[in-house]
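Good morning, and thank you for making time for this short talk. Please take a moment with the sequence and the model before I begin.

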Amino acid sequence: MDSKFNAATSVIDWTKSDAYHNSFLIPRDEVMEFALKNSIDQGLPDIAVSPAQGKLLNLLAHSVGAKHILEVGTLGGYSSIWMGRALPKDGKLITLEINETHAKVAGENFAKAGLGDKCEIILGSAYESMISLRPKIPFDLVFIDADKRSYPKYFVEAKRLVKKGGVIIVDNVVRYGQVNDMSVNDPDTVGIRELLAYIKQDKEVEATTIATVGERAFDGFLYAIRK
């Protein structure tokens, strides 16, 4: 690296960078601010995607012309709202959540966003819900952001549920660059390794990982297309 550049090395640095870019590209949004505050005030963990990541999901949904979206892991519905806003008038987002409190808060946030008729919450085990889904029309986009140890089986079902040429996005697949460190063996990291190993031998998808830094620290998305 050129010596005149100082690499940002902390979450504080990355958060400042995010805030600077967002000040040009993402206008203040009272609905999104409400969704975050309402979630935190009701005790939900502060682990939603960042505004920049949410905007990326929104733009990707727009880019592929998504009309049917599946989300695995709702939390307070922050990412759901970003994607739901990209839907056409007759579009639909189904989001899967195991926690009743999270689902309740997400419902409040959807109502505030005017998306109560477009965003449907299915309460229960995400995997069991995915297995039971038999949509008449395949999903255009699937976003997976739930327990990492279950990522391989979520991905298998997502591939079944998404249309040919459809997109599967998986969050939190870099985890501070520790996925390649075999001394790190927590179940979530192992789940991501197993997902990567599965995709390596899967001839039905093309995929890549894009690492990210920002207010959500050093992590990344996996972007896959079903052939």
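How do the residues of the lining of the largest cavity divide into nonpolar, polar and charged? They divide into 7 nonpolar, 3 polar and 1 charged, and I would like you to keep that question in mind, since I will put it again to the pockets. Before going on, I should say clearly that what you see is a predicted model.

Let me stay with the cavity for a moment. A search of the whole structure finds 1 cavity of 30 Å³ or more, and the space in the largest cavity comes to about 70 Å³. If you would like to find the place on the screen, look for its lining, which includes Leu36, Ser39 and Ile40, then Leu44, Pro45 and Asp46, and also Leu75, Gly76, Gly77 and Tyr78. Helix 2, which covers residues 30–41, gives the most to this lining, with 3 residues.

Now let us step back to the whole protein. Its secondary structure comes to 8 helices and 7 strands, and its C-alpha atoms fill a box of roughly 55 × 45 × 30 Å, taken along the principal axes. For a chain of 227 residues, a compact globule would have a radius of gyration near 17 Å, and because the protein has 17 Å, the two agree. Of the 227 residues, 48% count as buried. If we take the contacts between residues at least 6 apart in sequence, 70% of them join residues at least 24 apart.

I turn next to the pockets. The largest pocket has a volume of about 540 Å³. It is lined by 31 residues, and the closest to its centre are Ile47, Leu75, Asp145, Ala146 and Lys148. Several elements take part in this lining, among them helix 4 (78–84), strand 2 (92–97) and strand 7 (219–226), each of which supplies at least two residues. When we put the earlier question to this lining, we find 11 nonpolar, 11 polar and 9 charged residues.

Two of the residues that I have just named, Asp145 and Lys148, deserve a slower look. Asp145 lies in the loop between strand 4, residues 139–144, and helix 7, residues 151–161, and Lys148 has its place in the loop between strand 4 and helix 7 as well. Are these residues buried or exposed? Asp145 has a relative accessible area of 16%, and because buried means under 20%, we call Asp145 buried. Lys148 has a relative accessible area of 10%, so by that cut-off Lys148 is buried too. The side chains of Asp145 and Lys148 make a polar contact with each other, at 3.3 Å.

What do they touch, once we leave out residues up to four places away in sequence? Asp145 touches Val49, Val72, Gly73, Tyr151, Asp171 and Asn172. Lys148, for its part, touches Asn172, Arg175, Asp188, Gly191 and Ile192, and you may notice that Asn172 appears in both lists.

The second largest pocket has a volume of about 250 Å³. Of the 17 residues that line it, the closest to its centre are Gln53, Leu56, Ile210, Thr212 and Phe221. The elements that give two or more residues to this lining are helix 3 (51–63), strand 6 (205–212) and strand 7, and helix 3 gives the most, with 5 residues. By class, this lining has 10 nonpolar, 4 polar and 3 charged residues.

I will finish with one more residue, Thr15, whose place is in helix 1, residues 11–25. Thr15 has a relative accessible area of 29%, and because partly exposed covers the range between under 20% and over 50%, we call Thr15 partly exposed. Its side chain reaches the backbone oxygen of Val11 at 2.7 Å. Leaving aside its neighbours within four places in sequence, Thr15 is in contact with Gly214 and Glu215. Finally, Thr15 and Pro187 are 172 residues apart in sequence, and their C-alpha atoms are 28 Å apart in space.

Definitions and conventions:
Residues are numbered from 1 along each chain as its sequence is written. This is a predicted model: local features need pLDDT of at least 70, side-chain atom pairs count only at pLDDT 80 or more; totals for chains, interfaces and linings use all residues. Side-chain values use heavy atoms; hydrogens and water are left out. Helices (H or I, at least four residues) and strands (E, at least two) are DSSP runs, numbered from the N terminus. Buried means under 20% relative accessible area, exposed over 50%, partly exposed in between (1.4 Å probe, protein chains only). A polar contact is a pair of N or O atoms within 3.5 Å; within protein, one must be able to donate a hydrogen and the other to accept it, and residues adjacent in sequence count only if both atoms are side-chain atoms. Contact means heavy atoms within 4.5 Å. On a 1 Å grid over the protein atoms alone, a cavity is a set of points where a 1.4 Å probe fits but cannot get out, and a pocket is an open set with protein on both sides within 12 Å along at least five of seven lines; lining residues have an atom within 4 Å of a point. Grid points are joined across faces, edges and corners, and a volume is the space filled by probe spheres set on the points. Ala, Val, Leu, Ile, Met, Phe, Trp, Tyr, Cys and Pro count as nonpolar, Asp, Glu, Lys and Arg as charged, and the others, Gly among them, as polar. The radius of gyration is taken over C-alpha atoms; the globule rule is 2.2 Å times the number of residues to the power 0.38.
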